[in-house]
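Here is a short note to help you find your way around a structure that is new to you. Please keep the viewer open as you read.

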Amino acid sequence: MAKIIEWDDGVKFKEQTEEKGIEGHVVLINKFIVEPDKAEQFLKDWSEDAKGFQHEPGFISTQIHRGIGKSSVFLNYAAWESLEHYQKAINKRLFSSEPLSPLMKYDDTLIMSPHLFKKVTVPGIRAE
């Protein structure tokens with residue numbers, strides 16, 4: 001199974017996924033460090049995983065990015081209508097009879113760093 005490294009020592013990703021009362025859209029940003037010779041398989045697994053989530057209620061969009069040059073660092077950005085939608089989708093994928101995410105079955109050379117975010121409006125700065 002993949003190794004998870006937290007972004008923030010003050011809050012674990014699991015704690016974020018259990019929050020209550022968070023209003024509005026949330027964004028999952030997940031950094032992946034992949035062994036260079038496993039990058040092609042990682043992209044296949046990520047694609048299969050993303051296809052499964054895109055049919056879940058509340059899913060808005062997702063995108064994967066790869067570091068430039070010989071980088072084997074990937075960054076996934078996934079938008080959800082609400083934290084509640086994200087929670088339900090994750091619980092369904094992890095705790096139901098549906099096939100487990102291929103990324104959860106990935107070997108221990110994959111390093112994942114997931115974190116949930118909400119947009120912050122800053123006066124005078126253009127927001128899209």
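The points below go from the whole chain to one helix and then to a patch on the surface.

1. A word on the source: this is a predicted model, where local features need pLDDT of at least 70, side-chain atom pairs count only at pLDDT 80 or more, and totals for chains, interfaces and linings use all residues. Residues are numbered from 1 along each chain as its sequence is written, and side-chain values use heavy atoms, leaving out hydrogens and water.

2. The protein chain has three helices and five strands, in the order β-α-β-α-β-β-α-β from the N terminus. Helices (H or I, at least four residues) and strands (E, at least two) are DSSP runs, numbered from the N terminus.

3. Of its 128 residues, 36% are buried. Here buried means under 20% relative accessible area, exposed over 50%, and partly exposed in between (1.4 Å probe, protein chains only).

4. Do look at helix H2 (residues 39–53). With 15 residues at 1.5 Å a residue, H2 should span 21 Å (1.5 Å times one less than the number of residues), and its end C-alpha atoms are indeed 21 Å apart. Its buried residues are Ala39, Phe42, Asp45, Trp46, Asp49, Ala50 and Phe53. Seen down the axis, they fall within an arc of 135° (taken from the directions from the helix axis to the C-beta atoms), so they line one face of H2. Turned away from that side are the exposed Glu40, Glu48 and Lys51.

5. Finally, find Val122 in the segment after strand E5 (111–117). Val122 is partly exposed, with a relative accessible area of 41%.
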